[in-house]
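This short report looks at a few local features, beginning with a helix and its surroundings and ending with a pair of strands. Please keep the structure in view while reading.

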Amino acid sequence: LNEAEKLCAQVAVIREGRLLAVGHPDQLRASGGQPRVEVVGRGFSDAVLSAVRARPEVASAELVNGRLSIELCGAAETAPIVSQLVAAGAEVEEVRKGQASLEDVFLTLMSEEAEA
């Protein structure tokens, strides 16, 4: 899917002969996934994670390879989350905000189709 993001003008997602989605990779990412924030640092304790997860603008938060990965609800602001992390004692070195990857969109489409 990384190659499709870089090389393709149109991408289609098909499952069991049914067309689930088609469009430019940017369109699919924008429509199929929530914005994400990745925070690099230290001190992401269970208490810090619980506090971040409790925020209304946070859909999910988890530690992945020592990095805090946060999925946002809509176009939420990142600064209040970072401020909360610092106030809770976490050491923030880097913050990256971006869209879901094409792989995230694919997995979301597949799970939605499986549930239907």
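## The buried side of helix H3

Helix H3, which spans residues 46–53, has among its residues Val48, Leu49 and Val52, and these three are buried in what is a predicted model. They lie on the same side of H3, because the arc they cover around the axis is only 100°. As background, an α-helix has 3.6 residues a turn, so residues three or four places apart point the same way.

The opposite face can be read in a similar manner: turned away from the buried side of H3 are Asp46 and Ala47, which are exposed. The cover over the buried residues of H3 includes strand S4 (58–64), strand S5 (67–72) and helix H4 (79–87).

## How H3 meets H4

How are H3 and H4 arranged, in terms of the angle at which they pack and how far apart their axes are? The angle is about 155°, and the axes are 10 Å apart. Since angles over 145 degrees count as roughly antiparallel, H3 is therefore roughly antiparallel to H4.

The crossing in which H3 passes H4 is right-handed. On the H3 side the contact is made by Val48, Ala51 and Val52, while H4 contributes Ile81, Gln84 and Leu85.

## The hairpin of S1 and S2

Earlier in the chain, strand S1 (residues 11–15) pairs with strand S2 (residues 18–23) in the antiparallel sense, over 5 bridges. Within this pairing, Val11 has Gly23 of S2 as its bridge partner. The two strands, S1 and S2, form a hairpin with 2 residues between them, and in the turn Glu16 has a positive phi of about 50°.

Methods
Residues numbered from 1 in each chain as written. Predicted model: local features only at pLDDT ≥ 70, side-chain atom pairs only at ≥ 80, totals over all residues. Heavy atoms only, no water. Pairing = 2+ DSSP bridges. Helix = DSSP H or I, 4+ residues; strand = E, 2+ residues; numbered from the N terminus. Buried < 20%, exposed > 50% of the residue type's maximum accessible area, 1.4 Å probe, protein only. Arc of directions from axis to C-beta. Contact = heavy atoms within 4.5 Å. Axes fitted to C-alpha atoms, helices over the stretch in contact; angles between N-to-C directions. Parallel < 35°, antiparallel > 145°, perpendicular 65-115°, else oblique. Left-handed = near helix turned anticlockwise from the far one by under 90°.
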